[in-house]
Amino acid sequence: MSSRLWVPVACGPLAPYAAGYGSWLVARGYSRFTAAHRLWQLDLLSRWLEREGLSPGELTRERVVEFLGARRAAGYSTWLSVRSTALPLEYLRELGVVPAAAAPAAVDDPIERLLADYGRYLLDERGLTEHTVFARYVPAARLFLESRVSPDGSGLERLSGADVSLFMAAECPKRSVSAARDLTGGLRSFLRWLYLIGAIPSALVWAVPTIADLRDSSLPRGLDRAVVRALLDSCDRRRTAGRRDYAILLLLLRLGLRAGEVAAITLDDIDWRAGELLVRNGKGRREERLPLPAAVGEAIVSYLRRRPRGESRALFLRVVAPSGAIRGSAVSGIVRSACKRAGLSPSVGSHALRHTAAIEMLKGGATLVEIGEVLRHREPRTTARYAKVDRKTLRRLARPWPEGGAA
């Protein structure tokens, strides 16, 4: 006997929008059960408006707080936070039924205004991604300003090399080598910009110390083929999420893509006739075409057969509502989850799969130049790291050990 899903019938001033709201929820990837549950919430909100003698146009944030307070006073334990009403309000605002959310007040903080201008410069002039700007560069600049400049922004013109040295001496010991290198890179960029706009009288970039680059002191580490096989086999391809994860792992392993590059792929980036994939490099917003291996293409097609339908043109979508494109952090999470399923400890990040792709290409006879083209390295010295794992070539270059010598 088939089960039937109870769907509430909305009453009150919001009733005319209930059917569209249900369809809107389903289109965003919510299950029929969740959609029915949310329609019940809309009905409760609509009935409250009717009791209060209010129209939808009077449903401001303050009225929402009153609605939640009424539920709390009545002893209810669900839908008691403003966040819980985000979905119905978002839909009603799209229709123009309820007032738009109040715009944030203009920032009247000199330091925040300066940081906002710096962020726009990085986005518009330097072509950096929002994640790079607001997760790396702007926080480094804010940390420096808060420690060396007055809250009202005064003292900026008096910054000296000593201020920079004291800041770095205080902050670098708290960080790993990689984090310290990110901090110095962000601070150099910020100081260069301050000098460019005339905020400081002299360029202080010279005062930022160089963090020792230890990347060339060890071999790039790839994964053994048995481990790679275990990671791929851990994906349950009977499920949509498993097919998606399998295709993502193959893109990382065969093409050496970065996590952000995988997340940025759209349906329009694949040229099936030419067998090519358009890759958008977040570093500098470059676009390059790479050949699409047959195995990777087959995995993507398998996923597309089960991919949720929707308006998003992103290739890889979330499997949990609301539907939409995944982020680079989600790609890294998919790799970590695969490591956990495969019993790999400690787990590795998505960049380890990029190293694996390079080492496998090297084993297959590819030159360093070819590897650099596939991995889209800007500098040859970045690719040159992999020369250390090319033991066959290094063996030919090694000089024979002397049989004997003078005592």
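Student: Which helices do the buried residues of helix 14 pack against?

Tutor: Two terms come first. A residue is buried under 20% relative accessible area, exposed over 50% and partly exposed in between (1.4 Å probe, protein chains only), while contact means heavy atoms within 4.5 Å. In this structure, the buried residues of helix 14 pack against helix 9 (225-233), helix 10, helix 11 (259-263), helix 13 (328-342) and helix 15 (368-375). Do keep in mind that this is a predicted model, where local features need pLDDT of at least 70 and side-chain atom pairs count only at pLDDT 80 or more, though totals for chains, interfaces and linings use all residues. Residues are numbered from 1 along each chain as its sequence is written, and side-chain values use heavy atoms, with hydrogens and water left out.

Student: How many of the residues of helix 14 are buried?

Tutor: Eleven of its 14 residues, so we can call helix 14 mostly covered by the cut-off of under 20%. Among the buried ones are Ala-352, Leu-353, Ala-357, Ile-359 and Leu-362. Some side chains you might not expect are on the list too, including Arg-354 and His-355.

Student: How far does helix 14 reach from its first C-alpha to its last?

Tutor: Compare it with the expected span, which is 1.5 Å times one less than the number of residues. Helix 14 (residues 350-363) reaches 20 Å, close to the 20 Å expected. After helix 14 comes Gly-365, with a positive phi near 100°.

Student: Which residue other than glycine has a positive phi?

Tutor: The general idea is that most residues other than glycine have a negative phi, and most peptide bonds are trans. Here, Trp-79 has a phi near 55°. Look for Trp-79 in the loop between helix 3 (61-73) and helix 4 (86-95). Trp-79 counts as buried because its relative accessibility is 14%.

Student: Which peptide bond is cis?

Tutor: The one from Ser-345 to Pro-346, where omega is near -5°. Pro-346 sits in the loop between helix 13 and helix 14, so you can trace from there into the helix we began with.

Student: At what angle do the axes of helix 1 and helix 2 cross?

Tutor: Two packed helices are described by the angle between their axes and the distance between the axes. Axes are lines fitted to C-alpha atoms, for helices over the stretch in contact, and angles run from 0 to 180 degrees between N-to-C directions. Helix 1 (residues 18-27) and helix 2 (residues 32-52) cross at roughly 145°, with axes that come within 9 Å.

Student: Which residues of helix 1 and helix 2 meet?

Tutor: From helix 1 come Ala-18, Tyr-21, Gly-22, Leu-25 and Val-26, and from helix 2 come Ala-35, Arg-38, Leu-39 and Leu-42. The residues of this contact divide into seven nonpolar, one polar and one charged. For this sorting, Ala, Val, Leu, Ile, Met, Phe, Trp, Tyr, Cys and Pro count as nonpolar, Asp, Glu, Lys and Arg as charged, and the others, Gly among them, as polar.

Student: Is Leu-277 buried or exposed?

Tutor: Buried, because its relative accessibility is 1%. Leu-277 is found in strand 2, and its contacts beyond four places in sequence include Leu-251, Leu-255, Ile-265, Ile-270 and Leu-290. Glu-276 also lies in strand 2 (residues 276-281), but Glu-276 counts as partly exposed because its relative accessibility is 27%. Outside its neighbours within four places, Glu-276 is in contact with residues including Asp-269, Arg-289 and Pro-291.

Student: Where does Thr-240 lie, and which residues is Thr-240 in contact with?

Tutor: Thr-240 lies in helix 10 (residues 240-255). Leaving aside neighbours within four places in sequence, Thr-240 is in contact with Tyr-303, Arg-306 and Pro-308. Thr-240 is buried because its relative accessible area is 18%.

Student: How many helices and strands are there in the protein?

Tutor: There are 17 helices and three strands; these are DSSP runs numbered from the N terminus, H or I of at least four residues for helices and E of at least two for strands. Of the 407 residues, 39% are buried. Among contacts between residues at least 6 apart in sequence, 60% join residues at least 24 apart.
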